[in-house]
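New to this one? Let's take a walk through it together, one piece at a time.

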Amino acid sequence: MQQAKGKPKSLSPCHCLNIRRASRSVTQFYEKVLEPSKLKITQYSLLRNLEAVGPATMSVLAKIMRIDRTTLNRNMKPLLAAGLITVNPGEDSRSRQVILTEAGRDTLLKTLELWDQAQALLEEYLGREELDSLEQSLAKLEALF
């Protein structure tokens with residue numbers, strides 16, 4: 001099992017910059033742990049959300065994931081190419097429905113162990129109490145705008 005490493009870095013006087021730097025580091029950490037699956041954390045998240053809601057229009061999926069449709073579309077391209085999702089016409093000519101394929105389900109199942117490992121390592125690094133506090137702060141920040 002890999003270990004989270006590193007000492008706290010010096011902070012900028014800019015809160016936004018500190019949050020963005022931390023976000024990039026966490027993303028890089030998860031992507032390193034998920035590397036054997038060949039999925040980026042954004043792609044894993046997309047597959048997990050799709051698994052949870054079942055077939056969904058792009059608009060619904062983007063809303064659930066709290067990302068814009070352009071970002072969703074960009075994250076979907078490699079998943080489409082790998083056959084992990086399909087996109088079919090929706091109920092009207094303007095909508096498209098995203099569907100998790102069997103290959104997508106298999107990949108998700110295989111990647112779950114790696115994701116669990118990343119979760120455990122991050123909890124070990126920060127400690128449960130600090131992680132709970134961080135998650136409360138993040139939820140509050142997300143409600144800012």
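We'll start in the core, then look at a pair of helices, a hairpin and one buried residue.

Keep in mind that this is a predicted model. Its largest nonpolar core is built from 27 residues. If you want the ones with the most contacts inside that core, look for L47, L61, L72 and I85. Plenty of elements chip in: α1 (15-34), α2 (41-53), α3 (58-65), α4 (69-81), β3 (96-100) and α5 (102-126) each provide at least two of the core's residues. As a general background, nonpolar side chains in soluble globular proteins tend to be buried together.

Now zoom in on L61. Leaving aside residues up to four places away in sequence, L61 touches L46, N49, L50, A56, L72 and V98.

The contact between L61 and L72 brings us to two helices. On the α3 side, M58, S59, L61, A62 and M65 meet R69, L72, N73 and M76 of α4. Sort the residues of this contact by type and you get six nonpolar, two polar and one charged. How do the helices cross? The axes of α3 and α4 come within 9 Å and cross at roughly 100 degrees, which means α3 is roughly perpendicular to α4.

Next, the strands. β2 (residues 85-89) pairs with β3 in the antiparallel sense, over five bridges. Pick N88 and you'll find its bridge partner in β3 is Q97. Together β2 and β3 make a hairpin, with six residues between them.

Last stop: T107, which sits in helix α5. Is T107 buried or exposed? Its relative accessible area is 19%, so T107 counts as buried, the cut-off being under 20%. Not counting residues up to four places away in sequence, T107 touches L39 and L84.

Conventions
Residues numbered from 1 in each chain as written. Predicted model: local features only at pLDDT ≥ 70, side-chain atom pairs only at ≥ 80, totals over all residues. Heavy atoms only, no water. Core = buried A, V, L, I, M, F, W, Y, C linked by side-chain atoms within 4.5 Å. Buried < 20%, exposed > 50% of the residue type's maximum accessible area, 1.4 Å probe, protein only. Helix = DSSP H or I, 4+ residues; strand = E, 2+ residues; numbered from the N terminus. Contact = heavy atoms within 4.5 Å. Pairing = 2+ DSSP bridges. Axes fitted to C-alpha atoms, helices over the stretch in contact; angles between N-to-C directions. Parallel < 35°, antiparallel > 145°, perpendicular 65-115°, else oblique. Nonpolar A, V, L, I, M, F, W, Y, C, P; charged D, E, K, R; others polar.
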